[in-house]
Amino acid sequence: QVQLVESGGGSVQAGGSLRLSCRSDRSIGLLYRMGWYRQAPGQQRELVASDSKDGTTMYVDTVKGRFTISRNDPSNTLYLQMNNLKPEDTAAYYCNAAFDNVLPGPDWGQGTQVTVSS
């Protein structure tokens, strides 16, 4: 089991930037794959970006070139840098982690809200 705490959400205008953080209570060196999901009202939760210990990253097509996922092992923190935000990025963003290569793992953070106005 791992506890995840997200922060960094907020309200920005289109074209703005935010950096989300996800702090783990376990060493993220133990977590093979970590990812950011988002869920807009009335929509299914979708995987936005993921990062694996082997260096593999993935992004959903709608955020490629705008979002960057990274992890900082010493601080046990996963980040999501979001640039050139669009109104359609508005959602609750959730961190998730797995000890193997399969997401989602069983443990979720509480989420952080991102609101982008036009």
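**Group meeting: one disulfide, two sheets and a core**

Okay, let's start with the cysteines: there is one disulfide in this structure. Before I go on, keep in mind that this is a predicted model. The bond joins cysteine 22 and cysteine 95, with 2.1 Å between the sulfur atoms. If you like handedness, the link between cysteine 22 and cysteine 95 is left-handed, with -80° about the S-S bond. So what does the pair tie together? Cysteine 22 sits in strand E3 and cysteine 95 in strand E9, so the bond connects parts that are 73 residues apart in sequence.

And are those two cysteines buried or exposed? Cysteine 22 is buried, at 0% relative accessible area, and cysteine 95 also counts as buried, at 0% relative accessibility.

Now, E3 and E9 take us to the sheets. Let me take the one with E3. It is an open sheet of four strands, ordered E1-E3-E8-E7, and the pairing is antiparallel. At the edges you have strand E1, residues 4-7, and strand E7, residues 67-72, each pairing on one side only. On average, neighbouring strands here are turned by 15° against each other, ignoring direction. Inside this sheet, strand E3, residues 18-24, runs antiparallel to strand E8, residues 77-82, and the two pair over six bridges. If you want one bridge to click on, serine 21 has tyrosine 79 in E8 as its partner.

While we're on E8, have a look at threonine 77, which lies in that strand. It's a threonine, but with 5% relative accessibility it counts as buried. Where does its side chain go? It reaches the backbone oxygen of serine 75, at 2.9 Å. Leaving out residues up to four places away in sequence, threonine 77 touches Ser21, Cys22, Arg23, Ile28, Ser70, Arg71 and Asn72. Notice Cys22 in that list; that's our disulfide cysteine again.

On to the sheet with E9. This one is open too, with six strands in the order E2-E10-E9-E4-E5-E6, and here the pairing is mixed. Strand E2, residues 10-13, and strand E6, residues 57-59, are at the edges with a single partner strand each, so one side of each has no neighbour in the sheet. Neighbouring strands are turned by 20° against each other on average, again ignoring direction. For a parallel example, take E2 with strand E10, residues 112-117: they pair over four bridges. One thing to click on there is glycine 10, whose bridge partner in E10 is valine 114.

Last stop, the core. As a general point, nonpolar side chains tend to be buried together in soluble globular proteins. Here, the largest nonpolar core has 26 residues, and the ones with the most contacts inside it are Met34, Trp36, Phe67, Leu80, Met82 and Tyr93. Which elements give two or more residues to it? Those are E3, strand E4 (33-39), strand E5 (46-52), E7, E8, strand E9 (91-98) and E10. E9 gives the most, with four residues. Set that against the strand orders: E3, E7 and E8 belong to the four-stranded sheet, while E4, E5, E9 and E10 belong to the six-stranded one.

Leucine 80 is a good residue to zoom in on. Not counting neighbours within four places in sequence, leucine 80 is in contact with Leu18, Arg19, Leu20, Trp36, Ala49, Phe67, Thr68, Ile69 and Tyr93. Trp36, Phe67 and Tyr93 in that list are also among the residues with the most contacts inside the core. Okay, that's my tour; over to you.

Notes
Residues are numbered from 1 along each chain as its sequence is written. This is a predicted model: local features need pLDDT of at least 70, side-chain atom pairs count only at pLDDT 80 or more; totals for chains, interfaces and linings use all residues. Side-chain values use heavy atoms; hydrogens and water are left out. Two strands pair if DSSP finds at least two bridges between them. Axes are lines fitted to C-alpha atoms, for helices over the stretch in contact, and angles run from 0 to 180 degrees between N-to-C directions. A nonpolar core is a set of buried Ala, Val, Leu, Ile, Met, Phe, Trp, Tyr and Cys residues joined through side-chain atoms within 4.5 Å. Buried means under 20% relative accessible area, exposed over 50%, partly exposed in between (1.4 Å probe, protein chains only). Contact means heavy atoms within 4.5 Å. A polar contact is a pair of N or O atoms within 3.5 Å; within protein, one must be able to donate a hydrogen and the other to accept it, and residues adjacent in sequence count only if both atoms are side-chain atoms. A disulfide is a pair of cysteine sulfur atoms within 2.5 Å.
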